[in-house]
Amino acid sequence: MGEPATKDVLSLDELEAAGGLRTGRKHILSILVENKPGVLTRIAGLFARRGFNIDTLAVGPTDDERISRITLTLDGAVHPIDQVTKQLHKLVNVLKIRDLEPAETLARELAMFKISADGVARAEVMQICEIFRAKIIDVSKRSLIVEVTGTYDKVDAFERLVRPFGLIEMARTGEIAIARGRGET
Amino acid sequence: MRAVDALMECLKAEGVDVVFGLPGGANLPTYDAFYDAGIRHILVRHEAGGGHAAEGYAKATGKVGVALATSGPGATNLVTPICDAMMDSVPVVFITGQVRTELLGTDGFQEADTIGITMPVVKHSFMIQHPLELPRSIHEAFHVARTGRPGPVVVDIPQDYSRADIPYEPVTDVHLPGYQPTTDGNQKQIRFAGKALANARRPVIYAGGGVISAGAAAELTELATVDRFPVTCTVNGLGAFPAPHAQWLGMLGMHGTRAANYAMDEADLIVAIGARFDDRVTGKLSEFAPRAKFIHIDIDPAEISKNVPAHIPIVGDAKNILPRLTAEYRALTPDPQRLDEWWSRIRVWQERHPLAYEESADSEIKPQYMIQALYEATGGEAIVTSDVGQHQMWTAQYYHFPAPRRWINSGGLGTMGFGLPAAMGAKAGCPEQTVICISGDGSFQMNAQELATCAQEGIAVKVFIMNNGYLGMVRQWQELFWDRRYSHVEMGRWPDFVKLAEAYGATGVRLEDKATLAEGIREALATEGPVVVDVRVTREENTYPMIPAGQPARNMVG
Ligand SMILES: Cc1cc2nc3c(=O)[nH]c(=O)nc-3n(C[C@H](O)[C@H](O)[C@H](O)COP(=O)(O)OP(=O)(O)OC[C@H]3O[C@@H](n4cnc5c(N)ncnc54)[C@H](O)[C@@H]3O)c2cc1C
Ligand SMILES: Cc1ncc(C[n+]2csc(CCOP(=O)(O)OP(=O)(O)O)c2C)c(N)n1
């Protein structure tokens with residue numbers, strides 16, 4: 001394509017459209033927002049209104065008490081991520097958004113599982129826990145409560161393995177994430 | 001001083017000269033402050049009227065409009081104008097009263113979650129959390145409403161906070177770290193755009209309401225006339241380019257001209273400026289302008305590639321970008337003759353398909369003729385507001401707006417009942433100008449109560465009701481797409497608009513004969529005070545041409 005400042009001809013045929021594209025992969029957005037009442041409602045409302053589906057959402061404080069971090073994951077096969085971030089940017093209380101690069105990002109989720117396990121089953125579950133470095137945090141006659149941390153996929157894998165034993169209850173936080181290296185996320 | 005007195009100081013500092021509102025329990029302190037604040041307050045008859053009046057004021061003057069309401073029902077009555085201002089990017093600050101903080105969340109008397117109810121339809125909102133925050137929040141509200149892509153901002157003030165005694169110091173700066181609109185367009189992209197234009201053989205400029213908010217009408221004309229670029233505007237953009245003009249194609253979209261729609265259909269390059277590719281413009285998206293590449297200039301990055309992927313996106317203020325684009329183009333000294341072929345094609349469309357209608361053979365007044373007569377009687381110089389329906393589209397087609405801020409309508413939300421209060425607000429902001437409202441017999445009844453406000457305040461708006469006895473636009477759709485099954489669109493002969501006008505203290509006139517229409521319009525325009533003219537027109541006339549909803553421009557009918 002002809003350089004902008006030169007006189008060479010620019011063929012319209014060569015112009016390519018930008019934006020509105022589906023990336024086809026999972027995205028983790030790390031959003032810094034002002035720690036003010038109603039901010040989460042504004043974000044949730046925006047997603048509902050525009051038909052964006054949040055897969056997971058985690059909210060917590062940052063090192064600065066005036067600022068909270070929202071980490072959310074969504075599916076780039078379903079949503080044009082650039083449109084999602086641009087709409088988020090329009091919210092006055094949203095300070096900064098990063099669409100974290102998967103290769104440069106450490107993501108973790110915490111999950112707790114209450115699994116029915118007695119007799120033989122108990123030993124098997126404990127073996128799975130060991131492989132996943134999951135912690136058993138409570139034991140009763142018929143069940144165990146297990147704590148797992150890891151990526152979303154790891155927690156998913158754990159869930160798949162223990163489900164056949166009888167999953168009584170499960171709680172997952174959704175991923176939080178931080179970019180590797182020196183820069184601020 | 002009381003927080004509400006500080007509020008008055010803030011409004012004055014923002015240059016507010018008129019506000020529209022109606023008091024109640026939760027904003028009694030605010031109204032006490034208005035008693036001797038020296039700001040003109042116009043007491044409306046319904047808060048929705050006040051909200052639309054603030055929009056009309058903002059659209060006519062380019063300044064921020066202000067509307068006030070009490071808590072609960074007062075605030076909920078503002079929801080429609082707030083949403084309307086959001087859809088059409090109108091800068092308005094809405095100030096609502098709220099119940100005392102001790103009652104919040106208890107279903108207190110006249111408590112409504114105003115911030116929650118309005119959240120999806122505001123640019124931003126402030127719930128005052130402490131009396132000391134009030135002055136700063138007010139200035140922030142004006143700043144957000146006015147800058148970037150303009151829009152509505154709500155400030156909700158609990159009654160007890162508004163009475164609090166606070167030390168007031170003028171606020172001279174606003175600090176919103178999360179709000180920094182981009183105004184400067186990227187130079188490299190502007191250069192690319194210049195080159196693309198220089199290489200286009202079938203270019204079209206598609207301009208919208210953003211050119212008017214930017215105050216960039218002159219800059220648009222300069223860009224268009226640096227060569228012979230054909231120009232079309234959206235409904236909201238009318239007046240951004242002077243009509244008539246040799247390069248003017250007319251409006252585009254559902255009820256636009258064939259020349260404009262066909263030109264979009266065959267264009268190789270479309271320059272969208274402050275326009276948002278609404279579905280009333282694109283029709284069937286997948287078949288919209290299939291041969292074109294797009295340069296998209298908009299101050300809101302989220303508009304770019306939202307509906308139609310842009311090839312050269314330029315984020316920023318049209319006022320800043322257009323002169324730079326013109327300069328880039330000029331420097332390339334392209335051969336103007338390359339557009340000859342394009343123009344001869346466009347001229348054929350224009351000659352073959354001018355806007356036209358069948359004139360009546362007898363005394364009947366055709367609605368299109370009514371608009372032509374109004375255009376002639378006002379010399380095209382009036383500020384014209386409209387309601388929503390057929391009359392709105394005929395006005396957009398047949399009243400040729402020569403300048404920006406003369407045409408004020410509800411485009412995005414399509415709010416019936418917008419016209420009269422918007423005219424009232426426009427006239428309050430521009431008292432020297434002739435302000436007319438072109439309404440329908442259906443729409444007019446949705447905010448007719450504001451005639452009392454006009455009479456009391458001496459606001460001399462001239463209302464012309466295009467009376468067809470139907471909810472005309474809906475009747476048209478039922479005729480064309482629902483086998484003429486006219487379901488609940490007949491308005492009959494009620495009310496008697498002449499008597500209604502008189503009851504409200506306005507002058508009422510009825511015009512029924514083509515032969516005396518022009519004279520009657522002139523007389524009405526010359527009559528002092530608010531006037532309502534009931535113009536009886538053809539009952540079942542259709543607005544043409546038309547792209548049936550969801551179809552491509554090629555399929556225009558009528
Ligand atoms: C009955 C009915 C029929 C209709 N038929 C038609 C029709 O036939 N044709 C038609 O066009 N419309 C029609 N409409 C209106 C339509 O629904 C839309 O409201 C209209 O097309 C939107 O206009 P716009 O694209 O100019 O955008 P607007 O809503 O006016 O938005 C302005 C755009 O400009 C941007 N902007 C704001 N400030 C700046 C700045 N300083 N610099 C750069 N950009 C800026 C904004 O971000 C926004 O994207 C109809 C409406 C009704 C009710
Ligand atoms: C508040 C509201 N309700 C309903 C509609 C749907 N609607 C669009 S046009 C129209 C008919 C308007 O009738 P009228 O004001 O008489 O104008 P005409 O079309 O006859 O010129 C209606 C009901 C609307 N736009 N706004």
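Guide: Welcome! Buried means under 20% relative accessible area, exposed over 50%, and partly exposed in between (1.4 Å probe, protein chains only). This is a predicted model, in which local features need pLDDT of at least 70, side-chain atom pairs count only at pLDDT 80 or more, and totals for chains, interfaces and linings use all residues. Residues are numbered from 1 along each chain as its sequence is written, chains are lettered from A and ligands numbered from 1 in the order in which they are written, and side-chain values use heavy atoms, leaving out hydrogens and water.

Visitor: Why is B:D496 called partly exposed?

Guide: B:D496 has a relative accessible area of 29%, and partly exposed covers what lies between the buried and exposed cut-offs, so the name fits.

Visitor: What makes B:D496 and B:R510 a salt bridge?

Guide: A salt bridge needs a side-chain nitrogen of Lys or Arg within 4 Å of a carboxyl oxygen of Asp or Glu. For this pair the N to O value is 2.9 Å, so the rule is met.

Visitor: Why is A:E175 called buried?

Guide: Its relative accessible area is 2%, so A:E175 falls under the buried cut-off. A:E175 also meets A:K26 in a salt bridge (2.7 Å, N to O), and A:K26, at 36%, counts as partly exposed.

Visitor: How do you know that a salt bridge joins chain A and chain B?

Guide: The count between these chains is 1. In B:D300 and A:K90, the closest N and O atoms are 2.6 Å apart, so they satisfy the salt-bridge rule.
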